[in-house]
Amino acid sequence: MSLKYVAVEDIPGIHQDLRRAYRTGKTKSVAFRKQQLLNLCYLVEDNWERIKDAFIADMGRPREEAELLELNGTLIELKEAYNNVEKWAAPEKAPFSWLWFSMSPVLRNEPKGVVLLISPFNYPLYLLLCPLSGAIASGNAVLMKPSELSPAMAALLTELIPRYLDPEVYRIVNGGIPETTKILELPFDHILYTGGGRVARAVLTAAAQHLTPVTLELGGKSPCVIDPRCDVKTAAKRIMWGKLINGGQLCLSPDYVLVPDWFQDTFVEALKNAYYELHPVEPKVSGQVTRMVNERHAARVKGLIDDTKGTIVFGGEVDVESKYAAPALIKDVRGDDSLMSEELFGPFLPVVPVKDVDEAIEFINERDHPLNVYVFSNDSAFKEKVFGGTQSGTAAANDTILHVLAHGMPFGGVGASGTGYTTGKYAFDTFTHKRCTMDSPSWLDPALMAARYTPYNVSPNTLSR
Ligand code: NAD
């Protein structure tokens, strides 16, 4: 699938057009925002099957999985923004204070201006449209840069977005590194970047030139900590399911498992059984595991498994040309193994034996803060020990993946896994400037506020909060 890139020399003009259109004030009308959000819902609903076709074309993603986890999740977010935009955008009165109420302090939820969204290949619909709904709800003009690695979805959205949304204030541009580099040279009022940590550094460096605020939604190696007294069968199934969603190409993917050494073989057996229950037919034949996005990523994961010093329990064959990586379970993996050297972003599950939960926590804390920590236990003290003893963007007990959909909850990383939030009201707030305003009547001077003026001959405490 070929994707038409924007000409680099046209990028400053597109940016200028957006600035000019934003200054007309049209995006500030809440009725306008609501209409655009409704149109965005229609974009998804009207094109449901074409969107699933694009997932197939880009990554061979099973249609049922795309519908269950990406299309439905996207629609839920869009509808939430549509249903709440008036409430979120309304001015907020300051908490009552005898000292300040006469000056009518009001917080105005104002758009930041022209914002930039850069999204990755792996959830190319959800990760573009959900932040977009937050940016529209908060009244911004938006420049979108989808990933060139999912060209079918990028091309489809490039066709649909101008048909459903106002093209004066919402523009989508396609390109690779030169085009994105050019975009990043321009001043924006906020940048949301979703992707890997390496590119995030380039984004931050470019943003620093204009003092542009940046939200980073990154990834990392998300561990699963196993309490041997957990519900082993369910734990193994939920981990294996979470691992193989989108072929492991998900920021929420459980990356590796930490298990007490004496319990490793029992848990590995449970993971193996779970795999064969989930995939009675080899995924290469059944088509029920998404392929690697391109040959480069297929070769990358091949290199990681070829170099492992762990014991491969099953799978791991990689056919680079067809981008197929067979799901693999690897045990006896050590901290310095190739499989522990980077976020796997592929269908391999290393199991790392540790002495006990304390060593598991130490293992996690010696590394970058992951996006997610998963713990499997029925013991509250064990769960609290892992939650309290580690740091991560999110944490879930006894499940994987689903917590991102929890209604009304923020989603975002910490440290190397990112900064800021991009779901629901939190997405709205990301693109909103909370502007403190007040209106001070003249009669206050003789009554209350005289003390601020020189010469200082009245009590200095009058102004204290
Ligand atoms: P990536 O960093 O390679 O690419 C993301 C975007 O950056 C793309 O639009 C790409 O065109 C652009 N880009 C690539 N190189 C660039 C450069 N040199 N300069 C400027 N822009 C450039 O990420 P990816 O491989 O598409 O996505 C995988 C990563 O994203 C994983 O680390 C994953 O964990 C993370 N991720 C995080 C979340 C989250 O919500 N936290 C969600 C999905 C993916």
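User: What makes Lys 145 and Glu 148 part of the surroundings of the ligand?

Analyst: A residue is near a molecule if one of its heavy atoms lies within 4 Å of it, and 26 residues surround the ligand, the closest being Lys 145, Glu 148, Tyr 193, Leu 218 and Glu 343. This is a predicted model, in which local features need pLDDT of at least 70 and side-chain atom pairs count only at pLDDT 80 or more, while totals for chains, interfaces and linings use all residues. Residues are numbered from 1 along each chain as its sequence is written, and side-chain values use heavy atoms, with hydrogens and water left out.

User: Why is the approach of a ligand nitrogen atom to Leu 218 called a polar contact?

Analyst: A polar contact is a pair of N or O atoms within 3.5 Å (within protein, one must be able to donate a hydrogen and the other to accept it, and residues adjacent in sequence count only if both atoms are side-chain atoms). A nitrogen atom of the ligand is 2.6 Å from a polar backbone atom of Leu 218, so the pair qualifies.

User: Why is the pair of Phe 121 and Phe 345 called edge-to-face?

Analyst: Rings of Phe, Tyr and Trp (its six-membered ring) pair if their centres lie within 6.5 Å, and planes under 30 degrees apart count as stacked, over 60 as edge-to-face and the rest as tilted. Phe 121 and Phe 345 are 5.9 Å apart centre to centre, with 90° between the planes, and are therefore edge-to-face.

User: How do you know that Phe 121 is buried?

Analyst: Buried means under 20% relative accessible area, exposed over 50% and partly exposed in between (1.4 Å probe, protein chains only); Phe 121, at 8% relative accessibility, therefore counts as buried.
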